[in-house]
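Thank you all for making the time this morning. I would like to walk you through a few packing details, so please keep the structure open while I talk.

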Amino acid sequence: MKTTSHPLALERIRIALGTKTLVEIDTLIDPGEVLTVMGPSGAGKSTLLAMIAGFLDPAFEARGRIWLRGRDITALPAEARGVGLLFQDPLLFPHLSVAGNLRFGMPRRVKDKNARIEQALHDVGLAGFGSRDPATLSGGQQARIALIRLLLSEPAAVLLDEPFSRLDRQLRHEMRRLVFDRLHHAGLPSLLVTHDHEDAEDAGGPLITLA
Amino acid sequence: MLLRLTPVVVLVLLVVPILAGVAMALLPAFGYLPALGGESFSLAPWRELLAQPGLARSVGISLASGLITTALSLAVVLLFLAVAADTRLDRWLRRLVSPLLALPHAAAAFGLAFLIAPSGLLARLFSPGLTGWEQPPDWLILQDPWGLSLMLGLVIKELPFLLLMSLAALPQLDAPRRVALARSLGYHPTTAWLKGVAPALYPLIRLPVYAVIAFASSVVDVAMILGPTLPPTLAVSVLEWFHDPDLAKRFLAAAGAVLQLGVTLAALLIWWGLECLTRRLGRRWVENGRRRGGERWLRLTGRGFLIITTLTAGLGLIGLALYSVAGFWRFPDALPTTLTPRHWQTALPALGGPVATTLVIATSATLLAMLLTLAALEHEQRRGRRTATLALLYLPLIVPQIAFLFGLMVLLESLDIRARLPLVILTHLLFVLPYVFLSMAESYRHFDPRWTRLALTLGHSPNAAFWRVRLPMLLAPILTAAAVGMAVSIGQYLPTLLLGGGRIATVTTEAVSLASGGNRRIIGVWALVQAILPLLGFILAMGLPRLLWSHRRGMQGAP
């Protein structure tokens, strides 16, 4: 998987709804580093993610700039930002096979898609799962497929939206290690939004708490 | 971008023909139609209209049919929903109701006619055992002067429509929790539903209810089959005047079309008044604290009426099938003595053309409607806001067909536009589009937005997300909407007849034109074909996704 050596810069971000300021943040996330953002529901964690990913509801007023790969991506459409997203649920497309899901995420220019898919499946212990129907996979297997789909899409930065909250305790720990390991190796700047203090500890990066 | 224009295109397509049609009925109604020598405004057409024998009765029956059909259907739907529990009978009833919606009005009307006619299936089943009849009684059951059989025929179709509309609206209300709360306060479940859910449900189905009033007060094809004849309902009279060889009658027909508009409007106003009254009296009833009462009676009527309606429609279809293969069939015999393929053999050569025309029209109108609906809904998704003006989609369902189609004809004739097939397709679109939109909107709007966001963060454009994610994942509801559109188009009578100038023959126009002939065996063949065509669409719409996604368990249930 390709490594980037670019940080994700959030430069004087301020998101407001009407007169109320929800989020203020000004920080730099280094390649391979996971910044954890915590805070109670309604503190604006998801709003921050939506702004960085490019889905912010026009009702909100956002200021500041987002820099990635040395480009200002603040005004780019979501699909052109190079920001990958890991959701609470694996969200494997039910109409595609496992390999179809992975291929869906890969950039067009990638040549040896099948070989890379096989390798990626092998790396997470799911070799030979390519032709399977995602609905027949266990929760943990689906979570791993979602992770490699994200990585194969070669993002330049990653947003994690409480990706472990729906997993049971045992699995949660395993997945956390796998995810953080992979993001670190890929050298991706990542931003994790969570309720869970253990998530923050395992992420090992800086922590910001929104009020 | 093209998407942004779709709401405008939709509104222009729907609103302009209706407004133009109404305007062009108003002008000749007041004597102005230069093509026929009407150079100045006058009240002569109205004087002629008021002098028509039996006009008051025609108007009365149209009005009554609109109000009584709707009241009866709505009452049964609410009662059924109030008493329905998750029992097998109720699930079975709910499932049986949806194919009824696909049944064209004319086929349902013929089925009912074959069932309740003096020599019909019911009389045969109970004769001579119960009734002692050796000969069909000389009773005017069909086409009775009070319009009772007409209303019954309409209820068979409108009841399923209102039930499905209610079932679609109910999830928004969280009915089980409302009922649970009321029960914890000591209310009987049925009373809990009627007091806690029904008042909130009604506003959500108000527009469909208005559509039923408008339809039932102005219907033409069902009234030609089941309605009274001397005089017929107002809408049928207008059609007769329009087709009168004496072109001067056009002025009379125009005045009649405008009167029909007024009658439907009056029916809607009366209903609205009743609504206000019910709201006032109803509030007192809801708050009076009575926790039970009459449940047994309610349960009986709620389920009973729905079962009777479903059975009537089902038996009617069986009747059509029986007559279409009946050879010799003496009166009190419940079944024909001999069966014969002869009626089918004679009809077959004549069937091909109309079936092909029906399918061409239905497919074109449905494809256009799907295109516009998908574009409008996708535009709404990308904009992130609902397009409020889309409420005007109901306009073609609330303005009586005869009122504006008549004017549209006058307009097209004076512009000398005679492209019959495209015109028929476009007028079908007026009625297909609202239903396609209504049947698709819910699933489209409730589609989890994270799927699209996921596709975007994986680097796909909004267009690619539409084609590769939304469309395939919504295939089942999209195909269902297409089947609904086909069914609506196949059942259209008046637009095909008027805009086709009588030269375009579909299974529906052919079947209805057989009504006056009274050859039940031939009618059986045509009405059955008319009933089967839309059903085939629904079978395809349900089977295709299952076949396509047979290896994808996550696609088996509706998303």
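**A helix pair in chain B**

The crossing of helix 3 of chain B with helix 11 of chain B is right-handed. I should say at the outset that this is a predicted model, and everything that follows should be heard with that in mind. Helix 3 of chain B, residues 55-83, packs against helix 11 of chain B, residues 206-218, at an angle of about 140°, and their axes lie 7 Å apart. Why do I call helix 3 of chain B and helix 11 of chain B oblique to each other? The cut-off matters here, because angles over 145 degrees would count as roughly antiparallel, and the angle for this pair is about 140°.

As for the residues that meet, helix 3 of chain B brings B:Ser62, B:Ser65, B:Gly66, B:Thr69, B:Thr70 and B:Leu74, while helix 11 of chain B brings B:Val209, B:Val212, B:Ile213, B:Ala216 and B:Ser217. Sorted by character, the residues of this contact are five nonpolar and six polar, with no charged ones. In reading such a list along each helix, it helps to recall that an α-helix has 3.6 residues a turn, so residues three or four places apart point the same way.

Let me now move to chain A, beginning with its sheet. In chain A there is an open sheet of five strands, in the order 6-7-8-3-9, and the pairing is parallel. Its edges are strand 6, residues 83-86, and strand 9, residues 207-209, each of which pairs on one side only. From one strand to the next the twist averages 20°.

Strand 6 of chain A pairs with strand 7 of chain A, residues 157-161, in the parallel sense over four bridges; A:Gly84 has A:Val158 as its bridge partner, and A:Leu85 stands opposite A:Leu159. Helix 4 of chain A packs on this sheet, where it touches strand 6 and strand 7 of chain A, and its direction makes about 175° with that of strand 6 of chain A. Are the residues of strand 6 of chain A buried or exposed? A:Val83 and A:Leu85 point one way and A:Gly84 and A:Leu86 the other, yet all of them are buried.

Finally, helix 2 of chain A, residues 98-105, is mostly covered, with seven of its eight residues buried, among them A:Val98, A:Leu102 and A:Phe104. The cover over those buried residues includes helix 3 and helix 4 of chain A, together with helix 20 and helix 21 of chain B.

Definitions and conventions:
Residues are numbered from 1 along each chain as its sequence is written. Chains are lettered from A and ligands numbered from 1 in the order in which they are written. This is a predicted model: local features need pLDDT of at least 70, side-chain atom pairs count only at pLDDT 80 or more; totals for chains, interfaces and linings use all residues. Side-chain values use heavy atoms; hydrogens and water are left out. Buried means under 20% relative accessible area, exposed over 50%, partly exposed in between (1.4 Å probe, protein chains only). Helices (H or I, at least four residues) and strands (E, at least two) are DSSP runs, numbered from the N terminus. Contact means heavy atoms within 4.5 Å. Axes are lines fitted to C-alpha atoms, for helices over the stretch in contact, and angles run from 0 to 180 degrees between N-to-C directions. A crossing is left-handed if the near helix is turned anticlockwise from the far one by less than a right angle, and right-handed if clockwise. Ala, Val, Leu, Ile, Met, Phe, Trp, Tyr, Cys and Pro count as nonpolar, Asp, Glu, Lys and Arg as charged, and the others, Gly among them, as polar. Two strands pair if DSSP finds at least two bridges between them.
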